[in-house]
Amino acid sequence: MTAHSEFSIQKLVIIGGGPGGYEAALVAASLGADVTIVEQQGLGGSAVLTDVVPSKTLIASADAMTRFAEAADLGVHVRGSEDRNEINDLAVDLDTVNTRLLRLAASQSRDIKRGLERVGVRVISGRGRLLSPTSVEVTTDDGLEYTLDAQAVLLAVGSLPRELPSARPDGERIFNWKQLYHLREVPEHMIVVGSGVTGAEFASAYRGLGAEVTLVSSRDQVLPGEDQDAAAVLENVFERRGMNVLNRSRADAVERSEKGVVVTLSDGRKVAGSHCLVAVGAIPATDDLGLDEVGVARADSGHIKVDGVSRTTVPGVYAVGDCTGVLPLASVAAMQGRIAVAHLMGDAVKPLRTHLVASNIFTSPEIASVGVSEKSIEDGTYQADTIMLKLSTNPRAKMMAVEDGFVKIFSRKGSGTVIGGVVVGPRASELIFPISLAVTHKLHVDDLADTFTIYPSLTGSISEAARRLHVHV
């Protein structure tokens with residue numbers, strides 16, 4: 001544990017108002033610092049305005065469609081209909097969905113701003129740029145320019161969608177993940193280029209909303225880098241729901257056609273659709289920030305280099321969030337912000353522990369994970385026992401007609417300490433929490449096994465998996 005920094009700051013300027021920036025501001029203000037946030041886009045940054053909040057709201061609408069579409073398995077159908085599958089003939093008003101999600105995003109942004117101002121944080125709408133480790137040049141939205149002095153600066157500038165030179169988004173037919181929320185109708189045929197988290201989530205959502213979807217994946221399987229069993233379940237669900245998954249297919253170009261778009265693959269094949277989402281990752285928004293002039297080191301990727309408490313290579317300058325390339329999660333950015341400020345203010349602090357981070361992929365079904373991965377066990381990095389229980393054996397899942405998904409737990413060999421886990425299923429983002437608690441607090445599998453669960457419940461599979469990892473002594 002780090003006891004304190006070299007000095008305790010009283011005046012902090014934060015460039016960027018995303019989760020890392022606004023969480024840092026709240027902590028700093030609560031500790032008595034004079035805090036100013038400079039944010040151009042709006043409080044909450046991309047996470048609130050163009051990424052996490054709107055995308056997960058869209059996904060919520062798609063989930064509702066999916067539940068209704070599969071309701072016939074539960075014996076639910078339209079009253080008076082002789083065709084028990086008539087309930088599957090659903091339609092969505094995408095204009096209403098997008099209007100709602102943009103309204104929610106704007107409301108969340110306003111709530112964050114009010115919360116910051118309530119604790120005395122000064123919020124400036126504009127662009128910030130480093131002039132020195134203790135001064136920030138501000139250009140406001142109305143063109144005013146001035147300099148803010150500070151004892152420390154925190155950079156929380158986020159990231160931007162990565163674009164391909166041969167697939168430039170136009171916001172009409174070809175999109176990046178920031179531009180989708182102005183569509184007025186469900187696309188007839190959405191082609192998604194990229195099968196990482198963002199691509200998989202939007203592919204799942206638009207298929208749930210009723211669009212024909214083709215997912216172009218350059219790898220052998222969707223979600224490269226994720227748990228292989230989880231990726232296999234998701235790919236099977238995608239194909240069963242009628243999605244066309246093109247594995248080992250790299251997109252070379254995306255062009256407008258007379259009626260939509262054409263995606264040209266590296267092997268010469270062409271895929272025609274009405275719209276295309278290019279989801280090929282993100283790049284840090286670290287250009288034109290004055291980093292090189294001040295001496296803040298960046299990696300070859302453009303990410304700002306930081307240590308475990310988010311210090312950059314320049315004393316007094318910290319960086320958090322997607323611009324650091326640590327983990328592209330709002331929860332990680334927020335934790336980095338809190339840790340950075342605690343260190344700056346001389347408070348007791350533990351460095352960021354990425355092995356404790358819980359993450360979720362909001363596809364249908366969801367995929368949640370925490371701690372050690374099975375890959376790191378297979379390659380010998382960790383010695384562990386593994387158990388996987390399919391949700392199809394869980395009584396509550398049977399009642400809900402849930403057939404896809406599983407619970408997987410990893411325990412350290414010999415000691416029985418829970419070191420990781422994966423959950424695939426409905427609301428996996430909620431179900432992962434008890435495993436996260438176990439990983440964070442180094443609980444034994446017996447601690448999970450001996451804790452009461454509700455019968456019937458999906459969490460019962462977590463307890464059952466832990467019981468199967470019990471070692472008789």
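A search of the whole structure, which is a predicted model, turns up 1 cavity of 30 Å³ or more. The volume of the largest cavity comes to about 40 Å³. Its walls are made by Ile59, Ala62, Asp63, Thr66, Ser204, Ala205, Gly208, Phe362, Thr363 and Ser364. Sorted by class, that lining splits into 4 nonpolar, 5 polar and 1 charged residues. Helix 3 and helix 5 each put in at least two of the lining residues, and helix 3 is the top contributor, with 4.

Helix 3 and helix 5 are also tied together by a salt bridge. Side chains of opposite charge can pair when their charged atoms come close. Here, Glu201 pairs up with Lys56, and their closest N and O atoms sit 2.8 Å apart. Along the chain these two are distant: Glu201 belongs to helix 5 (residues 197-208) and Lys56 to helix 3, with their positions 145 residues apart in the numbering. This pair is one of 23 salt bridges in the structure.

Helix 3 shows up once more in the second largest pocket. This pocket has a volume of about 670 Å³, and 22 residues line it. Those lying nearest its centre are Arg67, Glu70, Arg241, Met400 and Val402. Once again helix 3, which spans residues 52-69, gives the most to the lining, this time with 4 residues. As for the make-up of this lining, 10 residues are charged, 8 are nonpolar and 4 are polar.

Then there is the sheet. Its 5 strands line up in the order 18-19-22-21-20, forming an open sheet with antiparallel pairing. Strand 18 (358-361) and strand 20 (384-390) are the edge strands, each with pairing on one side only. Going from one strand to the next, the twist averages 10°. Inside the sheet, strand 21 (residues 406-412) and strand 22 (residues 418-425) run antiparallel and are joined by 6 bridges. To pick out one spot, Val407 stands opposite Val423 of strand 22. Helix 6 (residues 228-240) packs on this sheet, where it touches strand 19 (366-371), strand 20, strand 21 and strand 22. The direction of helix 6 makes about 175° with that of strand 21.

Terms used:
Residues are numbered from 1 along each chain as its sequence is written. This is a predicted model: local features need pLDDT of at least 70, side-chain atom pairs count only at pLDDT 80 or more; totals for chains, interfaces and linings use all residues. Side-chain values use heavy atoms; hydrogens and water are left out. On a 1 Å grid over the protein atoms alone, a cavity is a set of points where a 1.4 Å probe fits but cannot get out, and a pocket is an open set with protein on both sides within 12 Å along at least five of seven lines; lining residues have an atom within 4 Å of a point. Grid points are joined across faces, edges and corners, and a volume is the space filled by probe spheres set on the points. Ala, Val, Leu, Ile, Met, Phe, Trp, Tyr, Cys and Pro count as nonpolar, Asp, Glu, Lys and Arg as charged, and the others, Gly among them, as polar. Two strands pair if DSSP finds at least two bridges between them. Axes are lines fitted to C-alpha atoms, for helices over the stretch in contact, and angles run from 0 to 180 degrees between N-to-C directions. Contact means heavy atoms within 4.5 Å. A salt bridge is a side-chain nitrogen of Lys or Arg within 4 Å of a carboxyl oxygen of Asp or Glu.
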